[in-house]
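Please work through the exercises below with the sequence and the three-dimensional model at hand. Each task is followed by a solution in steps.

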Amino acid sequence: MSMQHNSPYIVIEGLDGAGGTTQCRLLQSWLEQRGCTVVLTNEPTNLPVGKFIRQVLQDPDSLIGDAVLSYLFGADRQNHLDTRVFPALDRGEIVISDRYYHSSLAYQSLSLDFDFVAKINGQFPAPSITFFLMLEPEISFERVQLRGLPVERFETLDRLRSIAQSYERVIQYCTEQGENIVCIDATQTIDEIHDTICQHVEPMLTQ
């Protein structure tokens with residue numbers, strides 16, 4: 001399903017520590033310097049369902065299983081689109097999202113059937129472009145450790161290795177669905193990654 005708006009909906013994806021949040025902010029600044037109005041958002045959101053998801057991810061004793069989480073992410077995503085993404089695109093603004101359904105496909109298919117997760121997310125429209133910041137799981141793990149924050153459900157090395165493989169499948173699946181996917185080596189400098197993203201986004205500004 002494609003996005004029925006003229007304004008670009010840009011998504012940046014990748015393993016934790018790949019630099020997605022940094023690149024979202026840099027892209028926002030770059031676009032605003034060009035006179036664009038930009039909405040920067042992320043998933044899970046800080047809306048009610050998204051806040052609940054964050055609590056679940058940080059609670060090792062949570063009774064919320066992975067299948068239930070999959071539906072919660074879907075509910076948060078629908079709420080996100082309805083209240084933030086679609087209204088902004090309708091106003092002619094550019095939306096940048098730090099993660100989207102690609103994360104659900106990658107993370108939740110570790111414990112659930114890929115087709116089940118894909119079906120839950122099948123009604124959500126594809127972004128205008130999705131950047132995957134490609135990073136070895138060992139480097140991801142090192143960067144997550146350096147943050148010194150509590151480790152979430154998905155942030156063990158074995159789990160990150162599985163997610164990295166899962167992302168490869170997601171990229172293949174989404175490419176086969178006709179999505180506009182760009183893979184970028186996330187071991188490059190922040191500026192090099194930013195320049196590559198801008199090169200792909202710039203043509204969209206004149207369409």
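The exercises go from the whole chain to individual helices, loops and residues.

This is a predicted model, in which local features need pLDDT of at least 70 and side-chain atom pairs count only at pLDDT 80 or more, while totals for chains, interfaces and linings use all residues. Residues are numbered from 1 along each chain as its sequence is written, and side-chain values use heavy atoms, with hydrogens and water left out.

**Exercise 1. The chain as a whole**

Determine the secondary structure content and the overall dimensions of the chain.

Step 1. Helices (H or I, at least four residues) and strands (E, at least two) are DSSP runs numbered from the N terminus. On this basis the chain contains 8 helices and 5 strands. Their order along the sequence is β-α-β-α-α-β-α-α-β-α-α-β-α.

Step 2. The radius of gyration is taken over C-alpha atoms, and the globule rule is 2.2 Å times the number of residues to the power 0.38. For 207 residues a compact globule would have a value near 17 Å, and the 16 Å of the chain agrees with this. The C-alpha atoms occupy a box of roughly 50 × 35 × 30 Å along the principal axes.

Step 3. Buried means under 20% relative accessible area, exposed over 50%, and partly exposed in between (1.4 Å probe, protein chains only). By this criterion, 49% of the 207 residues are buried.

Step 4. A contact means heavy atoms within 4.5 Å. Among contacts with a separation of 6 or more, 79% involve residues 24 or more positions apart.

**Exercise 2. Two helices and their cover**

Compare the span of helix 7 and of helix 8 with expectation, then identify what covers their buried residues.

Step 1. The expected span of a helix is 1.5 Å times one less than its number of residues. Helix 7 (residues 157-176) has 20 residues and reaches 29 Å from its first C-alpha to its last, close to the expected 28 Å. Helix 8 (residues 190-201), with 12 residues, reaches 17 Å, close to the expected 16 Å.

Step 2. The buried residues of helix 7 include Leu 160, Ile 163, Tyr 167 and Cys 174. Their cover includes strand 1, helix 4 (101-108), helix 5 (114-120), strand 4, helix 6 (137-147) and strand 5.

Step 3. In helix 8, the buried residues are Ile 193, His 194, Thr 196, Ile 197, Cys 198 and Val 201. Strand 1 (9-14), helix 1 (20-33), strand 4 (129-134) and strand 5 (181-185) are among the elements that cover them.

Step 4. Just after helix 7, Gly 178 takes a positive phi of about 90°.

**Exercise 3. An enclosed helix**

Explain why helix 4 is described as largely enclosed by the rest of the structure.

Step 1. The buried residues of helix 4 are Tyr 101, His 102, Ser 103, Ser 104, Leu 105, Ala 106, Tyr 107 and Gln 108.

Step 2. Because 8 of the 8 residues of helix 4 are buried, the helix is largely enclosed by the rest of the structure. The cover of these residues includes strand 1, helix 3 (66-90), helix 5, strand 4 and helix 7.

**Exercise 4. Backbone features in two loops**

Locate the cis peptide bond, and the residue other than glycine, Arg 99, that has a positive phi.

Step 1. The cis peptide bond joins Glu 43 and Pro 44, with omega about -5°. Pro 44 lies in the loop between strand 2 (38-42) and helix 2 (48-57).

Step 2. Arg 99 has a phi near 85° and belongs to the loop between strand 3 (94-98) and helix 4.

Step 3. Arg 99 counts as buried because its relative accessibility is 14%.

**Exercise 5. Two residues on helices**

Is Arg 161 buried or partly exposed, and which residues does Arg 161 touch?

Step 1. Arg 161 is found in helix 7. Its relative accessibility is 35%, so Arg 161 counts as partly exposed.

Step 2. Not counting residues up to four places away in sequence, Arg 161 touches Pro 137 and Glu 138. Arg 161 and Ile 139 are 22 residues apart in sequence and 10 Å apart in space, C-alpha to C-alpha.

Step 3. Thr 83, in helix 3, is partly exposed, with a relative accessible area of 44%. Thr 83 and Ala 67 are 16 residues apart in sequence and 25 Å apart in space, C-alpha to C-alpha.
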